[in-house]
Amino acid sequence: MAVMRLGYVHARVTDLEASRAHYARTLGMNVVHDGGDCLYLKSWDEWDHHSVVLEEGGVGLVKLGYKVERPTDLERYERRAERFGCAVSRMSRGDNRAVGDGLRIVLPSDHVVELYHEIEYTGTGTGSLNPAPFPRDLVGVGVPRIDHALITAEDPALLERFFAECLDFRPAERLITDHDSGELLGSWMFCGNSPHDIAFIKGPNAKLHHFAYQLEDWNAIRHAGDLFAMDDVPVDIGPTRHGITRGQTIYFFDPSGNRNEVFSGGYTTFPDFPTITWTADQLATGIFYIGREVNERFTSVLT
């Protein structure tokens with residue numbers, strides 16, 4: 001698969017200094033560049049220059065970046081996206097700090113996705129020679145890496161078709177209205193071996209539901225919850241478990257109201273992974289398997 005993973009999330013925030021405290025002190029990301037009106041951050045187990053960009057001025061998603069395996073992949077994806085009818089443009093080295101040439105696509109849902117191969121390679125907090133399992137000086141949760149994002153789309157079926165036909169993603173799980181009509185309400189799609197690298201549910205175009213960090217296990221999720229309480233982080237839901245993806249989770253908000261998630265577990269996917277289907281009458285079980293209840297805020301608060 002040529003698209004390897006979610007590489008970066010670029011989001012808007014209303015208060016850069018409050019965001020710095022949340023992402024650096026509570027979540028434990030490292031600030032790798034302070035541009036005055038924006039911060040670039042990375043987690044300790046990420047090799048590339050950054051994985052999160054916070055830009056002062058509003059709230060919500062600016063764009064998502066996905067890293068491709070080879071430079072030649074960009075041309076293929078450009079042709080496919082153009083044939084699909086998307087607005088496509090080339091981006092050049094310097095358009096994004098530390099990122100090389102790439103491709104910018106406006107999705108059918110009006111979200112912006114950037115594909116790139118080259119990004120400055122700065123290494124992890126433990127290095128590549130006889131590494132320790134984690135850095136000794138972790139701060140806060142010490143999130144190891146970014147994991148996935150969930151966005152909303154007026155036409156989830158069209159967006160699923162775009163990711164499948166243009167970028168070779170596969171649906172691990174799908175949410176449909178019922179067996180009779182089968183209208184698609186949500187899709188959790190992968191490009192690597194995780195349950196989802198992108199997910200989307202029915203809702204307004206161009207909106208972000210959350211972006212997520214991967215943690216090691218349930219104990220790390222519980223530890224994160226303790227730290228959120230210590231730092232007065234507004235928790236949306238959790239700790240709990242998903243039915244969809246089987247992952248363990250806490251949803252919470254950054255100081256601007258962007259929803260974050262810490263996520264662990266879930267199954268391993270492969271190219272022959274059969275798609276799992278959920279029907280809308282089991283939505284609550286699929287989203288929160290233990291409590292089997294979805295609060296109104298979880299489905300209505302978007303940025």
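Start by selecting R80: with a relative accessible area of 18%, this residue is buried. The model on screen is a predicted one.

**Around helix 2**

Keep R80 selected and add D168. The two form a salt bridge, and their closest N and O atoms are 3.0 Å apart. R80 belongs to helix 2, while D168 sits in the loop between helix 3 (156-167) and strand 10 (170-176), so this pair ties together parts that are 88 residues apart in sequence. D168 has a relative accessible area of 26%, which makes it partly exposed.

Next select E78 and R90. Here too there is a salt bridge, with 2.9 Å between the closest N and O atoms. E78 lies in helix 2 (residues 73-84) and R90 in strand 6, so the parts tied together are twelve residues apart in sequence. E78 counts as buried at 16% relative accessibility, whereas R90, at 43%, counts as partly exposed.

Now select E69, R70, D73 and R76, which are linked in a network of salt bridges. Stay on R76 and add Y77: the charged end of R76 sits over the ring of Y77, 4.9 Å from the ring centre. For another arrangement of this kind, go to R292, whose charged end sits over the ring of Y289, 4.8 Å from its centre.

**From D45 to the largest pocket**

How many salt bridges does the structure hold? There are 20 salt bridges. Side chains of opposite charge can pair when their charged atoms come close. To see one of the salt bridges, select D45 and R145, whose closest N and O atoms are 2.4 Å apart. D45 is in the loop between strand 3 and strand 4 and R145 is in strand 9, so the pair ties together parts that are 100 residues apart in sequence. D45 counts as partly exposed at 23% relative accessibility, and R145 counts as partly exposed at 25%.

R145 also leads to the next stop. Which residues lie nearest the centre of the largest pocket? They are R5, R145, I146, D147 and Q214, out of 24 residues that line the pocket. Select these five and look at the space beside them. The volume of the largest pocket is about 500 Å³. Strand 1 (3-13), strand 9 and strand 16 (259-265) are the elements that give two or more residues to its lining. Colour strand 1 to see the source of the largest share of that lining, four residues. By residue type, the lining divides into nine nonpolar, eight polar and seven charged residues.

**Aromatic pairs**

Show the aromatic rings next. The structure holds 15 aromatic pairs. One of them is W47 with Y121, a stacked pair: the centres are 6.0 Å apart and the planes differ by 10 degrees. W47 lies in the loop between strand 3 (38-42) and strand 4 (52-56), and Y121 in the loop between strand 8 (112-116) and strand 9 (145-153), so the pair ties together parts that are 74 residues apart in sequence. Is Y121 buried or exposed? Y121 is exposed, with a relative accessible area of 58%. Its partner W47 counts as partly exposed at 35% relative accessibility.

For a contrasting geometry, select F163 and F169. Their ring centres are 5.1 Å apart and their planes stand at 65 degrees, so this pair is edge-to-face. F163 and F169 are both buried. Extend the selection to Y66, F84, F162 and F200: ring pairs link these with F163 and F169 into a cluster.

**Backbone details**

Switch to the backbone for the last stops. Select G238 and P239: the peptide bond from G238 to P239 is cis, with omega near 5 degrees. P239 lies in strand 14 (residues 235-241).

Move on to R246, in the loop between strand 14 and strand 15 (247-253). Its phi is near 65 degrees, a positive value in a residue other than glycine. R246 counts as partly exposed at 47% relative accessibility.

Finish at A98, which is found in the loop between strand 6 (87-91) and strand 7 (102-106). Phi of A98 is also positive, near 75 degrees, in a residue other than glycine. A98 is partly exposed, with a relative accessible area of 23%.

Technical notes
Residues are numbered from 1 along each chain as its sequence is written. This is a predicted model: local features need pLDDT of at least 70, side-chain atom pairs count only at pLDDT 80 or more; totals for chains, interfaces and linings use all residues. Side-chain values use heavy atoms; hydrogens and water are left out. Rings of Phe, Tyr and Trp (its six-membered ring) pair if their centres lie within 6.5 Å; planes under 30 degrees apart count as stacked, over 60 as edge-to-face and the rest as tilted. Buried means under 20% relative accessible area, exposed over 50%, partly exposed in between (1.4 Å probe, protein chains only). A charge sits over a ring if NZ of Lys or CZ of Arg is within 6 Å of the ring centre and within 35 degrees of the ring normal. On a 1 Å grid over the protein atoms alone, a cavity is a set of points where a 1.4 Å probe fits but cannot get out, and a pocket is an open set with protein on both sides within 12 Å along at least five of seven lines; lining residues have an atom within 4 Å of a point. Grid points are joined across faces, edges and corners, and a volume is the space filled by probe spheres set on the points. Ala, Val, Leu, Ile, Met, Phe, Trp, Tyr, Cys and Pro count as nonpolar, Asp, Glu, Lys and Arg as charged, and the others, Gly among them, as polar. A salt bridge is a side-chain nitrogen of Lys or Arg within 4 Å of a carboxyl oxygen of Asp or Glu.
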